[in-house]
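Please look at the sequence and the 3D structure below before reading on. The notes that follow go through the chains and the place where they touch.

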Amino acid sequence: MNGILPVAAHVALLVLLPPLLPGVIGKTKALVAGRRGPPLLQTYRDIGKLLRKGAVYGRPTTWVFRAGPLVALAATFVAGLIVPLAAGSGPLDFAGDVVAFAALLGLGRFFTMAAALDTASSFEGMGASREAAFGAFVEPGLFLALTIVCIPAGSATFARAWAALPWTVWSPTWPVVLIAAVVLGVVLLAENSRIPVDDPATHLELTMIHEVMVLDHSGPDLAFITYGAALKLLVVAALLVHLVVPVPAEGGWAGVLWFLAGTAAVAVVIGVVESTNARLRLQRVPGFLIGAAALAAVGVAVLVAQGQP
Amino acid sequence: MSLVLATLGIGVLLASALAAVAVGRREILALRLGTAGAVAGSVLGGAAAVEQLLRGGATLARAPWRLPLGTVTVGLDPLSAFFLLCIAVVGGLAAVYGAGYLRGYAGQRRLGPAAAFYNLLVAAMIGVVLARDGVLFLLAWEVMTVASFFLVTFEDDRESVRRAGLTYLIASQLGVIALFVLFALLRAHAGSFAFAGLLAAGAPGGGLADVAFLLALVGFGTKAGFWPVHVWLPDAHPAAPSHVSALMSGVMIKMGIYGLLRTLTFLGAPPLWWGATLVGIGIVSGVIGVLYALAQHDLKRLLAYHSVENIGIIALGLGVGLLGQSRGEATVAFLGYAGALLHVLNHGLFKGLLFEGAGSVLHATGERAIDRLGGLGRSMPVTALTFLAGAVAISGLPPFNGFVSEWLIFVGAFRGGAFLGGGAGVAALAVIPALALIGGLAVACFVKVYGVVFLGVARSDAAASAHEAGAAMRWPMVAGAALCLAIGVLPATFVGLAAPAALQAAALAAEPLGVLGALPAITRVALILLAAAAALALLRAALLRRAAVRVAPTWGCGYPAATPRMQYTAASFAEPVLAPFASLLHTTVVDERPAGYFPRTARHEEHVGDMAGERLLVPAVRRVLDAAGRLRVLQAGRIQLYLAYVLATLLVLLVWQVAAVAP
Amino acid sequence: MTAFADGLLLLVLVTDLYILASSRLAACVRATAVQGVLLAALPLVLWGPGGGVPLVHLLLMSAGALAVKAGVIPALLLRAAREANARREVEPYVSLHLSVLLGAALVGLSLWLARVLVPPGDVAATLLVPAAFATALLGFLMLVARKYAVTQVVGYLMLDNGVFIFGQSLAGSLPVMVELGILLDLLVAVFVMGIAIHHISREFDHIDTRALASLRD
């Protein structure tokens, strides 16, 4: 991506848009349930309030606890600079950036879990343990889904992969791309601790995953975490948006509109999924994620059989 | 010039080893002499390697004296020089660390021989990479094995250590048998043990190359720790003193990789199945290695299993390289080999660092069981920080070095999947999810280790009274962590060092165009990441300046009487990760549930035995022994019977020979 | 029409995997019904109007598949499961995770097989033969890896679905009566098994096929 304007637009979307997503999801869930629900901009208000508050740190914690939210947010932000949003490429794109994107998400997860273990609380340890397991099982699915879109492009690069997507139903690869989209949808739900993997609305520590890992954070740290979670949602959703919506490579206003529409659609779909599905039993989650990975593997196999590479 | 420096390095190492033994009972002096020699030898070797890599080309020298069957020919080319660099960096740092670490054993054990064998081991490894003659190579290889055997059995009054040493020696010798056969075959083909002769004779045809490849895989794979011949590794590495574990895990097992690469240069263009085989070995070693690591309760044993995992990653890189080579895809071949080679250096650095950190923990607490540690981050801040760097690096995360090498292998595999086509393409594609799964599991494992050992609060008195390691132990860890970060932030420079070796391995004349063009972008990503984290830290500091900051007990969900023993343990942390893989692990469970209204005892133990050892190798050996036992009928112990065998053999040979000549 | 047929066949593969992955008996049977619908659409999409096969032939085949594979058999199975008070969870011999991974591997194998074994006739869709192999193999896997009789029938049905897909490559030359005959055979077989399930459950209070092993001698 070149030029000051597209980069500015990318960064502006990346910084300003994320807290809207939880709002849209919440609104959707409220509508489905026949409630009015919190305002669309509630997450912005929450973050603003948290930023103004003081902080309480647990007695056993060290600097790792304080570094957790910072590193997680920074890593997600850099991942957001790599992934294309409203155009065909991101400001930090380079050949092989797909791998860096996944590794940055991993870095964020590493520090979130380490910070949780720093509190010496068994509840937070439990959350970290589950996150570690599900995080590990998500990785193959994520990479296989990305393989499906990267192989026809001949490069593990978002810009190239998005440019090579088939945008007609007559192309022989579209069913496979559909599989990639489904698997990325599962990855989106798992990475962002949504139903059916985790329930962001639960209030019982024993059943939480992401929420319990951040129980002890407060004030600006919690603001960073809340914002970081929304940012991660946007960044992973951006992958899905580009698979299902033809965001023009050159960006511009059309790109922004397509991207906003696609993101809103993804958020609504998440809201509907959360409203209509129950959370899986914890023991069933690995099966769900392994199933997604197996589906993606079938997609890759079909792609190879079609002689696409 | 470089060759002179390197041989000088060997000389210094051997001389200081002799000196360390010669000063006899003055233990501290012996240790100092040995360490000084090791550092000087490493500096010389490192200088030689860097000089050779920057200058390019190859040098060769032949000593005027002869070995039985061979000559004393040494040389340096990019492949040797790169491995020499790894030996020098890790060997030097671990030697300094060892000076601090062994001090604690003064008066209990003889330190002179320990220092001497360390230097002998480093010298032997340099000898292995310098050797340009099969006989000299095997000689250095055997010295390496023997020296490391004596280092493993340093604490030889412990039964487990003696057992581990014996397992190691037997495994090594079984591996060497394959290497003897390998070199004998190569000599039969080329008529010489000299590497130059082997190269000049060209690729052996007619299935000989395939046999040689398999022999190299077994012989060198045993040293490297490929599954399933890795069984000696998780016993031997933890048994050794920590600086020796660092050296063995960091570089000695890589000699197997060097040997494999060197042999491959003699065998000509690889067929497809070589690359596919290495990919398969890499997937199994990587996944099994990290799973077993997750299941370990012993810190050093866990790190040893991670060596199996990382050797798996290196094998994946080699596999991608071979696949690319077999299809003539220069870019794929180069990326695979470069990733594998850089991972050799990277793993040396972070595994050395991690073993040193584990040694500091052991030194400070006397405890290797992860679940009895905790909260060491407060009492050992430097060890904790450097261990964290190593943990992030080994998990393959930016901005550290592990990410760079795994990135190279990933990009190579993606390109391979796109351009190789057919079976080679499928094999390259298999690398991608495997490497992703290995990475995800490694993150889980190192969060577990770091979190349970260094974070939270102490779970035992030993952990509560821990102290930071001495300066001689701290600085090598700091240097190792700094190097890990440096490679992660400036990959272009360090990949530049690995590139000539990768070109040699891939039999390419020049770097494929534009392959490494993305490396500066990784620097950009790393710097922006660090800057973003720093900016957020400043932002938070500014926000908190105006607000109240309190320290309070951790939220216990309403339960106020939590004790340190109630923290999440490593075993429970790993359980949900391991549960879906239960069929791959060989877990024995001892479960005594509490019974009655006032239960007195309850117990739950889980031990994961090594399936390759217990289900595969031990039964195989038993079957061989059984078969051998049946042959014992022949050995009745009467001299007449033996003479009858001789007579029978003579008669058979006579008839056979005569029949061949008779018209 | 190739892209649509391939998409349809890909969905068949997805239902295959879903059946293997699902832990609920009812979900398993419903997915079988969905697969039946997909198969019923297959002849129409594959040969279409003017594809060289008489339309009546196609419609008959399609309607037959829809009625039997998507309607009667799943309904029978659900009823059998309900009446036999079968547990609502499938009981695997091979864990669900492993079955899914094995399933994915078998799909890969089928794709490779299809490259080697090229069928006679003019096949329009590239995925036809691999999907046929994969469905049949995964059906076998269901037969091998699950304990309950209901899931066994599901496996048998998948096996037949594989044959049905393979038959599509010969739709032009195969008389429609053969197809319908196979469907009828299947229906009879399911009836027999349904009656057997009913009797087994009445005798033993469960429909675990392991118990049948004790019937020998």
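Which residue in β3(B) is the bridge partner of A:G58? In this predicted model, the bridge partner of A:G58 is B:A552, a residue that belongs to strand β3 of chain B. That pair is a useful place to begin, since the strand of chain A and β3(B) are joined by four bridges. The points below take up chain A, then the contact between the chains, and then chain B.

**Chain A by itself**

- Chain A contains twelve helices and one strand, and when the chain is read along its sequence, the order of these elements is α-α-α-β-α-α-α-α-α-α-α-α-α.
- The radius of gyration of chain A is 19 Å, which is close to the 19 Å that the globule rule gives for 309 residues, so chain A is as compact as a globular protein of that length.
- Measured out along its principal axes, the C-alpha trace of chain A spans about 60 × 45 × 45 Å, and 66% of the 309 residues of this chain count as buried.
- If one takes the contacts in chain A between residues at least 6 apart in sequence, 77% of them join residues that are at least 24 apart.

**Where chain A and chain B touch**

- The contact between the two chains takes 73 residues from chain A and 70 residues from chain B.
- On the side of chain B that touches chain A, the elements that give two or more residues are α15 (376–379), α17 (401–419), α18 (422–454), α22 (519–545), β3 (549–552) and α23 (570–578).
- Of these elements, α18(B) gives the most to that side of chain B, with 16 residues.
- Sorted by class, the side of chain B that touches chain A has 50 nonpolar residues, 16 polar residues and four charged residues.
- Strand β1 of chain A, which covers residues 55–58, runs parallel to β3(B), and four bridges join the two strands.

**Chain B: domains and a hairpin**

- Chain B is divided into domain 1 (1–201 + 226–262), domain 2 (269–536) and domain 3 (616–663), and the C-alpha centres of domain 2 and domain 3 of this chain lie 51 Å apart.
- Strand β1 of chain B (residues 59–67) and strand β2 of chain B (residues 70–76) pair in the antiparallel sense over six bridges, and one example is B:A61, whose bridge partner in β2(B) is B:V74.
- β1(B) and β2(B) form a hairpin with two residues between them, and in the turn B:L69 has a positive phi of about 75 degrees.

Methods:
Residues are numbered from 1 along each chain as its sequence is written. Chains are lettered from A and ligands numbered from 1 in the order in which they are written. This is a predicted model: local features need pLDDT of at least 70, side-chain atom pairs count only at pLDDT 80 or more; totals for chains, interfaces and linings use all residues. Domain bounds come from an automatic or database domain assignment. The radius of gyration is taken over C-alpha atoms; the globule rule is 2.2 Å times the number of residues to the power 0.38. A residue is buried if 20 or more other C-beta atoms lie within 10 Å of its own, exposed if 12 or fewer, and partly exposed in between; C-beta atoms are placed from the backbone. Two residues are in contact if their C-beta atoms, placed from the backbone, lie within 7 Å. Ala, Val, Leu, Ile, Met, Phe, Trp, Tyr, Cys and Pro count as nonpolar, Asp, Glu, Lys and Arg as charged, and the others, Gly among them, as polar. Two strands pair if DSSP finds at least two bridges between them.
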